[in-house]
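Good morning, colleagues. I would like to take a few minutes to go through one structure with you, beginning with a pair of strands and ending with the helix. Please have the display in front of you.

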Amino acid sequence: MKVRIVSDGTARGTQVLDLEGRVIQGVTAVGWHVDGRRRMDCARATIEVDLVSLDVVGDVGGGVVDPSASEAEQICTLLEQAQKK
């Protein structure tokens, strides 16, 4: 699922929307972070929702990462490899 985060910089003015513009209900927190100290760090958004039932199927694409790399670098590598497929 793709989502859109729209904010005026306040909690009250922040919404998480689906791609049709409908508000996703139950969101309790939203975060966005980039670590400027790491060249390879990618932006990370987190959305918290309480009392979530879940059924997830995923494919990590059989990616290969450098075990000495930071977690963020490993995630970026896997994302780049998945996008090439």
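**The hairpin and its surroundings**

Let me begin with a single pairing: Ser7 has Thr14, in strand β2, as its bridge partner. Please keep in mind throughout that this is a predicted model.

That bridge belongs to a wider arrangement. Strands β1 and β2 are paired antiparallel, over five bridges. Together the two strands make a hairpin, with six residues between them. In the turn, Gly9 has a positive phi of about 100°.

A second glycine, Gly13, also sits in the loop between β1 and β2. Which residues does Gly13 touch, if those up to four places away in sequence are not counted? They are Val6, Ser7 and Asp8. Gly13 is classed as partly exposed because its relative accessibility is 24%.

Let me now place the hairpin in the whole protein. The secondary structure consists of four strands and one helix. Read from the N terminus, the order is β-β-β-β-α.

How much of the protein is buried? Of its 85 residues, 12% are buried. The protein exposes about 7,300 Å², and 53% of that comes from carbon and sulfur atoms. As for contacts between residues at least 6 apart in sequence, 21% of them join residues at least 24 apart.

**Charged side chains**

I turn next to the salt bridges, of which there are two. In one, Asp18 pairs with Arg22, and the closest N and O atoms are 2.8 Å apart. In the other, the side chain of Glu20 meets that of Arg22 at 3.2 Å, N to O. Is Glu20 buried or exposed? Glu20 counts as exposed, because its relative accessibility is 59%. Asp18, by contrast, has a relative accessibility of 10% and therefore counts as buried. Through shared partners, the salt bridges join Asp18, Glu20 and Arg22 into one network.

**A nonpolar patch**

On the surface there is also a nonpolar patch, formed by Met1, Val3, Ile5, Val30, Ile47, Val49, Val52 and Leu54. Together these residues have about 740 Å² of accessible area. Which elements give two or more residues to the patch? They are β1, residues 3–7, and β4, residues 44–49.

Take Ile47 as one member of the patch. Ile47 is located in strand β4. Its relative accessibility is 34%, so Ile47 counts as partly exposed.

**The helix, and confidence in the model**

Finally, the helix. Helix α1 spans residues 71–84, and Cys76 lies within that range. Why does Cys76 count as buried? The reason is its relative accessibility, which is 7%. Cys76 and Cys42 are separated by 34 residues in sequence, while their C-alpha atoms are 6.3 Å apart in space.

How should we regard the confidence here? The mean pLDDT of the protein is 78, with 71% of its residues reaching 70 or more. Among the elements, strand β2, residues 14–18, has the highest mean pLDDT, at 92, and α1 has the lowest, at 69. Where pLDDT is low, the predicted coordinates should not be read in detail.

To close, I would ask you to return to two places on the display. One is the hairpin of β1 and β2, with Gly9 in its turn. The other is the pair Cys76 and Cys42, at 6.3 Å from C-alpha to C-alpha; please view that pair together with the mean pLDDT of 69 for α1. Thank you for your attention.

Terms used. Residues are numbered from 1 along each chain as its sequence is written. This is a predicted model: local features need pLDDT of at least 70, side-chain atom pairs count only at pLDDT 80 or more; totals for chains, interfaces and linings use all residues. Side-chain values use heavy atoms; hydrogens and water are left out. Buried means under 20% relative accessible area, exposed over 50%, partly exposed in between (1.4 Å probe, protein chains only). Patches are made of residues with over 30% relative accessible area and no salt bridge: like charges are joined within 9 Å, nonpolar side chains (Val, Leu, Ile, Met, Phe, Trp, Tyr) within 5 Å. Accessible areas come from the Shrake-Rupley method with a 1.4 Å probe; for residues, only the protein chains shown count as cover. A salt bridge is a side-chain nitrogen of Lys or Arg within 4 Å of a carboxyl oxygen of Asp or Glu. Contact means heavy atoms within 4.5 Å. pLDDT is the predictor's confidence in each residue, from 0 to 100. Two strands pair if DSSP finds at least two bridges between them.
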